Amino acid sequence: MIPELGHFALILALLLAVVQAAFPLAGSLSGNRPWMTMARPLAYGQLTLLAVAFAALTQAFLTSDFSVLYVAEHSNSLLPTIYKVSAVWGGHEGSLLLWVLMMAAWGAAVAAFSKNLPLTVVSRVISVQGMIAIGFLLFMLLTSNPFERIFPVPADGRDLNPLLQDPGLAIHPPMLYMGYVGFSVAFAFAVAALIGGRLDAAWARWSRPWTTVAWVFLTIGIMLGSWWAYYELGWGGWWFWDPVENASLMPWLVGTALIHSLAVTEKRAAFKSWTVLLAICAFSLSLLGTFLVRSGVLTSVHAFATDPSRGLFILIFLCIVVGGSLALYAWRAPEVSDGGRFSLLSRESALLGNNLIFVAFTVLVLFGTLAPLIYEAFNWGKISVGFPWFNKMFLALSPFLAVLIGIGPATRWKHDEPVRMLKTLWWALALSATVLVISALPVFSTNTLWVPVGLALAAWLFFAHVAIVYERLRNKGGLSRMGPAILADLRGGGRSFYGMVTAHVGVAMFIVGVTVLSNYQLEEDVRMAPGDSYELAGYRFEFLGAQQVPGPNYMAQRGAFNVYRGERRVTQLFPEKRAYMGGGMPMTEAAIDPGLFRDIYVSLGEAVGNGGDWALRLYYKPFVRWIWLGAILMALGGALAVSDPRYRLAGARARKSAADTAAVTA
Amino acid sequence: MKARQKRLIFVGVAVIGVGIAATLALSALNSNIAYFFSPSQVHAGEHPTDAVFRVGGLVVEDTLKRQEDGLTVRFDVTDNARTVPVSYTGILPDLFGEGQGVVAKGRIGTDGVFYADQVLAKHDESYMPPEVEDTLQTAHAEGVVETAGQSMPAAGRTVTQ
C-alpha cells in the first residue's frame with residue numbers, strides 16, 4: 001500500500017510541477033500578482049510530495065518489502081540497516097528519486113531565502129525549476145519507476161552491490177547530486193534573467209551564493225568519490241579519468257569558471273553574457289553527465305546495467321534544455337550590453353585567463369570522454385582514450401593556471417601597475433624560486449622536472465596568498481594588531497576574501513599531493529607465504545597468513561600483516577577478501593594505515609596454491625591525503641565565502657557593504 | 001591603438017592559440033588511444049603488431065591457469081567464434097571470472113599470445129561492456145551458436161504493477 005502512496009505522490013508532484021512551471025512565469029510576464037505569489041507555496045508543496053515519495057521508498061527498504069522490484073534488486077534481509085537506507089539511492093531509480101528530491105529542496109530553499117529578491121525574479125526562477133522537474137519526473141514515471149511491483153515476490157533480495165556497502169559511498173551520491181542539482185539554481189537564475197532581459201550586478205549577487213553552495217557540494221562529492229575509489233576499489237589510484245568521473249568533473253570545471261566570472265559580474269558589471277553562458281553550460285554538463293552514466297553509451301567501470309530507452313529520453317531532454325536555453329540566450333543576450341573596460345594588467349584580465357583555462361580543461365575532458373563515440377560514429381574503429389592523454393593535457397595547462405591564481409587576487413580591478421604588484425609579491429616570488437632550486441638538488445633524486453616545478457608552483461600559490469593577506473591587513477591599519485584585525489575582518493565583509501584565500505591554499509595543497517604522489521609512489525604485486533617478509537619504501541611487510549572470518553552478510557578471508565620500519569612495528573593491517581551472500585559477489589577490502597605524509601596500503605588478490613600463499617598488492621603512497629585535504633580546503637573556502645554577511649543583508653545595508661568591499665579591493 | 005584594432009589582435013591571437021592547442025591535443029591523442037579488436041579480428045590479422053590495443057570477449061571456461069610464479073595467469077578470450085590466449089601478471093579484478101566478459105589492454109607477442117598490462121572487469125555483475133556485447137552479437141549474427149547462460153540477468157522478468 002505504502003509503495004502505491006509513494007507512486008501517487010510522484011504523479012501529484014508531476015502535476016504540481018506543471019502548475020509551477022506555468023503560472024508563476026505567466027504571472028511575472030503579465031503582471032498578475034496572485035499567480036506570482038503562488039510560486040513559493042508551490043515550491044514547498046513540491047518538496048513535501050517528493051519527501052513523501054522518498055519516505056515511502058525508504059520504508060520499503062527498511063521493512064525489506066521485496067514485492068517492490070527496486071528493493072528486491074538492491075537490498076537483502078541481511079543487509080545492515082544503515083546500508084538499507086543508503087541502498088535507497090544505490091541504483092538507478094532510487095538515485096533519480098534522490099535527485100528530484102534534492103532539486104525540490106533547492107527550489108524550496110530559493111523560496112525560503114529570497115525574501116529580499118523582487119517577486120518577479122523569484123517566480124521566474126521557481127518556474128524554470130518547475131520545468132526541469134517536469135523533465136525528470138516524466139523520466140522517472142515513464143522509464144524508471146522505483147515503486148514498480150514484482151510478482152511472484154522473491155524470497156530474498158539480490159543484495160546491494162558490495163562496493164556500495166561503505167560509509168564513504170553512502171554519502172558520496174547525495175553530495176554529488178546536491179552539486180549537480182545545485183547548478184540548476186544557477187541555471188534557473190540565468191534563464192530568469194534572460195527572460196526578464198535584466199542582467200546586472202544585482203542578478204550576479206543573487207545567484208552567486210547559490211552557485212558557490214552548489215560548487216561546494218560538488219567539490220565534496222567528487223572528493224568523496226575519489227577517496228572511495230582509492231580505498232574501496234583496491235587499485236590504490238585516486239582518479240582514473242573514467243567517463244563517469246569525467247562527467248562529474250566537467251560541471252565542476254565550468255562551475256569553477258562560473259563562480260569566478262560571477263565575481264567580475266558582481267563587482268564590475270562586466271562579462272555578463274559570458275557568465276550567463278557559463279551558468280547554462282554548467283547545468284547542461286550536469287545533464288550530459290547523467291546521460292553518459294545512464295545510457296551506457298560509454299565503457300565505464302561505473303556504468304549501471306542500462307536501458308536504451310532511458311538514454312534516448314535523457315538525450316531528448318538534454319536537447320530541449322540546451323537548445324531552448326541557448327536559443328533564449330541567442331535571442332536575449334545581445335540586448336545585454338557588456339560594460340566596463342579594463343587594461344591588460346587587471347583583475348578582470350586574470351579572471352578572464354582563469355575562465356579561458358577552465359573552459360579549455362572542460363573542452364579537453366569533454367573531447368577525451370566523447371572521442372570513443374566520435375570515432376565509432378565515423379567508423380574509425382572502437383577506441384579508448386588512455387589516461388596518459390588526460391594527464392598530459394592537464395599538466396600542460398595547469399602551470400599557467402597556478403601562476404595566475406597567485407597573481408589574480410593581488411591585482412586591482414580595472415588597472416594595475418607592475419611595479420606596485422612586484423612590491424607586494426617579490427618575496428613570494430623569491431621563496432618559490434628558492435623552493436624550485438632546492439627541490440631540484442640531486443639529494444632528492446628527482447628524475448623529472450615536474451617535481452621541482454610542482455612544488456615551486458605550490459609554494460608560489462601559498463606565499464602569494466600570505467603576501468595578499470599581509471597587504472590587506474596593512475591597509476586596514478597596521479600589523480601590530482594583526483589578530484584582532486583578522487577577527488574583525490571575519491565578522492565584517494571579509495569572509496569572502498578569506499574564503500578565497502582558503503580555497504586557493506587548498507589548490508596549493510592539492511598540487512603538492514599530486515606532484516609528490518605521482519613521482520614517488522611505489523606499488524608491488526607479490527606472492528607471499530605465511531611468515532614471509534617483503535621490503536617496500538623502507539617498510540617491511542610481514543605476512544602472518546589469512547583466516548576465514550564471518551561478517552554480517554558476507555564471509556571474509558582476512559589476512560594479517562605486521563609492518564615494521566627498522567625494528568619498530570608501525571602498524572598491523574588486516575585486508576579482507578569478502579564473498580557476499582546475496583549475490584555471491586567477491587570484494588576486496590584493502591587495509592590502509594593512513595598518515596599525513598604517507599599511506600601504507602595492502603590489498604589481497606587471491607589465494608595461490610595450497611600452502612596458504614596469497615597474491616598481494618603492496619603500496620606506498622606519499623602525500624596522498626593532501627589531494628583530498630586540498631579539496632576539503634577548497635570546499636571550506638567556498639563555505640566561508642557564502643557565509644559573507646553581504647549576501648544576507650537586505651536593501652541598503654547590503655549595497656553599502658558591497659560598496660565598502662569594492663572600495664577596499666579597488 | 002584603437003579599441004577595435006586591439007580587439008582584432010586579441011581575437012587573432014586567440015584563434016591561433018586555440019589552433020595550436022587543438023593540433024597538439026589531437027596529435028597527443030593519436031599516441032594514446034587503444035583500438036578494440038575482437039578475437040576474430042585478431043585472427044584475421046586486423047590488429048596492429050607494434051601498438052597497444054584492446055581485445056575483449058568472454059573468458060573461456062576451464063582455461064584460467066596460474067603460472068609457476070603465482071602471479072602470472074593465462075586464459076583464453078573468445079567471441080564465440082575464435083579465441084585469443086591472454087597472459088597477465090598481477091592481481092585480477094574482483095569480478096573477473098570464467099564465463100565473464102573482460103576487456104584486456106596490451107600488446108600481442110610474436111608467439112600469438114596477448115600480453116595484457118591491464119584487465120578490466122566491471123563493478124556491476126549484470127553489466128556487459130558495450131564492445132564485448134557488440135562482439136558477441138556480431139559473432140552470433142555470423143552464424144555462431146551462442147553458449148548457454150549468457151543472457152543478461154535483467155531480461156525476462158515477470159513484472160506487475
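# Exercises on a predicted two-chain model

**Exercise 1: a strand in chain B**

Tyr35(B) stands opposite Phe53(B) in β2(B). The coordinates come from a predicted model. Starting from this pair, work out which strands of chain B pair with β2(B), and in which sense.

*Solution.*
- Step 1. Strand β1 (residues 33-37) of chain B runs parallel to β2(B), with 3 bridges between the two. The pair Tyr35(B) and Phe53(B) links β2(B) on this side.
- Step 2. Phe53(B) also stands opposite Gly106(B) in β6(B). Strand β6 (residues 101-108) is antiparallel to β2(B) and is joined to it by 6 bridges.
- Step 3. A further antiparallel pairing, over 2 bridges, is made with strand β4 (residues 72-78) of chain B. Here Val59(B) faces Val77(B).
- Step 4. Check the burial of the strand: 7 of the 7 residues of β2(B) are buried, and the strand is mostly covered.

**Exercise 2: chain B as a whole**

Place β2(B) in the order of elements along chain B, and state what share of the chain is buried.

*Solution.*
- Step 1. Chain B holds 3 helices and 8 strands.
- Step 2. Read from the N terminus, the order is α-β-α-β-β-β-β-β-β-α-β.
- Step 3. Of the 161 residues in chain B, 34% are buried.
- Step 4. Among contacts with a separation of 6 or more, 53% join residues 24 or more positions apart.

**Exercise 3: unusual backbone angles**

Most residues other than glycine have a negative phi, and most peptide bonds are trans. For Asp62(B) and Lys414(A), find the loop and decide whether the residue is exposed, partly exposed or buried. Then locate a cis peptide bond in chain A.

*Solution.*
- Step 1. Asp62(B), not a glycine, has a positive phi of about 65 degrees. The loop that holds Asp62(B) runs between β2 (53-59) and β3 (65-66) of chain B.
- Step 2. The count for Asp62(B) is 10 other C-beta atoms within 10 Å; a residue with 12 or fewer is exposed, so Asp62(B) is exposed.
- Step 3. Lys414(A) is likewise not a glycine and has a positive phi, of about 70 degrees. Its loop lies between α14 (387-407) and α15 (418-439) of chain A.
- Step 4. With 16 other C-beta atoms within 10 Å, Lys414(A) falls between the cut-offs of 12 and 20, and therefore is partly exposed.
- Step 5. The peptide bond from Phe151(A) to Pro152(A) is cis, with omega near 0 degrees. Pro152(A) sits in the loop between β1 (149-150) and α8 of chain A.

**Exercise 4: two helices of chain A**

Compare the expected and actual spans of α8(A) and α10(A), and state how many residues of each are buried.

*Solution.*
- Step 1. For α8(A), 30 residues at 1.5 Å a residue should span 44 Å; the end C-alpha atoms are 45 Å apart, which agrees.
- Step 2. Since 23 of these 30 residues are buried, α8(A) is largely enclosed by the rest of the structure. Gly197(A), just after α8(A), has a positive phi of about 70 degrees.
- Step 3. Helix α10 (residues 243-268) of chain A has 26 residues and an expected span of 38 Å; its end C-alpha atoms are 37 Å apart, which agrees.
- Step 4. In α10(A), 26 of 26 residues are buried. Just after α10(A), Ala269(A) has a positive phi of about 55 degrees.

**Exercise 5: nonpolar cores**

Which residues have the most contacts inside the largest nonpolar core, and which helix gives the most to it?

*Solution.*
- Step 1. The largest core has 218 residues, and Val100(A), Ala186(A) and Phe189(A) have the most contacts inside it.
- Step 2. Helix α8 (residues 167-196) of chain A gives the most to this core, 18 residues.
- Step 3. A second, separate core has 19 residues, including Met528(A), Phe543(A), Phe561(A) and Leu618(A).
- Step 4. Return to Val100(A): leaving aside neighbours within four places in sequence, its contacts are Leu50(A), Ala133(A), Phe136(A), Leu137(A) and Met140(A).

**Exercise 6: domains and a hairpin**

Describe the contact between the assigned domains of chain A, then the hairpin formed by β4(A) and β5(A).

*Solution.*
- Step 1. The domain assignment gives domain 1 (1-160) and domain 2 (522-625). Their centres, taken over C-alpha atoms, are 43 Å apart.
- Step 2. Domain 1 puts 7 residues into the contact and domain 2 puts in 6 residues. On the side of domain 1, these are 3 nonpolar, 2 polar and 2 charged.
- Step 3. Strands β4 (residues 533-536) and β5 (residues 539-550) of chain A are antiparallel, with 4 bridges. Glu535(A) has Arg540(A) as its bridge partner.
- Step 4. There are 2 residues between the strands of this hairpin, and Ala537(A) in the turn has a positive phi of about 50 degrees.

Key: Residues numbered from 1 in each chain as written. Chains lettered and ligands numbered in written order. Predicted model: local features only at pLDDT ≥ 70, side-chain atom pairs only at ≥ 80, totals over all residues. Core = buried A, V, L, I, M, F, W, Y, C linked by C-beta atoms within 7 Å. Contact = placed C-beta atoms within 7 Å. Expected span 1.5 Å × (residues − 1). Pairing = 2+ DSSP bridges. Domains from an automatic or database assignment. Nonpolar A, V, L, I, M, F, W, Y, C, P; charged D, E, K, R; others polar.
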